[in-house]
Structure formats: structure tokens, C-alpha cells
Amino acid sequence: MRQHQPQCPSADASDHDSARMVAFHPEQGWGLLCNGVVIFDDAGELLPDGRSIFVGLVRTGNAA
């Protein structure tokens, strides 16, 4: 999508979520990365080809 250096990983790369954020809407719970991936604050991701990924939440400690 955007051209900058260093170039961000593609949407298909395993580290695609390390791309630069180009739009952020915390009031709506989402952000757009420069590689076209939409990330959601509930730990989900939407790839440019329409696939969705649930990354999951990392929890530490013991459950009550």
C-alpha cells in the first residue's frame, strides 16, 4: 500500500502485524496497517484477501 523504508512486511508474512499503523480508531476498536491488515482490539485481524484471524488474548496468572 504505502512506500517507505524500511518496507513493512506483507500481509502474508508471519510478522505482518509489525507493519506501520496508518489509521487508528480506538473509539471503534480498530486500526489499519500499511500492508492492508485491519487489527481489532479484541485480538482479531482481517487480512486484505478477506480471511480473518483470531490471534487470541495472552493471559497470565491464575484464574480465580
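1. pLDDT is the predictor's confidence in each residue, on a scale from 0 to 100. The structure is a predicted model, and its chain has a mean pLDDT of 84, with 81% of the residues reaching 70 or more. Among the strands, strand 2 (residues 30–33) carries the highest confidence in the chain, at a mean of 96. Strand 5 stands at the other end, with the lowest value, a mean of 88.

2. The secondary structure consists of 5 strands and 0 helices. Read from the N terminus, the elements follow the pattern β-β-β-β-β.

3. The 5 strands form an open sheet in the order 1-2-3-4-5, and the pairing is antiparallel. Strand 1 (21–25) and strand 5 (52–54) lie at the edges, each of them pairing on one side only. On average, and with direction ignored, neighbouring strands of this sheet are turned by 20 degrees against each other.

4. Strand 3 (residues 38–40) and strand 4 (residues 44–46) run antiparallel and are joined by 2 bridges. Within this pair, Ile 39 of the one strand is placed opposite Glu 45 in strand 4.

5. The loop between strand 3 and strand 4 contains Ala 43, and this residue deserves a comment on its backbone. Most residues other than glycine have a negative phi. Ala 43, by contrast, has a positive phi, near 80 degrees, although Ala 43 is not a glycine. Is Ala 43 buried or exposed? Its relative accessibility is 15%, and because the limit for a buried residue is under 20%, Ala 43 counts as buried.

6. For the chain as a whole, 30% of the 64 residues are buried. The accessible surface amounts to about 4800 Å², and carbon and sulfur atoms account for 52% of this area.

7. The largest nonpolar core comprises 7 residues in all: Cys 8, Ala 11, Ala 19, Leu 33, Cys 34, Val 37 and Leu 47. One of these core members, Ala 11, may be examined further. Which residues does Ala 11 contact, leaving aside its neighbours within four places in sequence? They are His 16, Asn 35, Val 37, Leu 47 and Pro 48. Val 37 and Leu 47 thus appear both in this contact list and in the core itself.

8. A final point concerns contacts along the chain. Of the contacts with a separation of 6 or more, 21% are between residues 24 or more positions apart.

Notes:
Residues numbered from 1 in each chain as written. Predicted model: local features only at pLDDT ≥ 70, side-chain atom pairs only at ≥ 80, totals over all residues. Heavy atoms only, no water. Pairing = 2+ DSSP bridges. Helix = DSSP H or I, 4+ residues; strand = E, 2+ residues; numbered from the N terminus. Axes fitted to C-alpha atoms, helices over the stretch in contact; angles between N-to-C directions. Buried < 20%, exposed > 50% of the residue type's maximum accessible area, 1.4 Å probe, protein only. Contact = heavy atoms within 4.5 Å. Areas by Shrake-Rupley, 256 points an atom, 1.4 Å probe, with all protein chains shown as cover. Core = buried A, V, L, I, M, F, W, Y, C linked by side-chain atoms within 4.5 Å.
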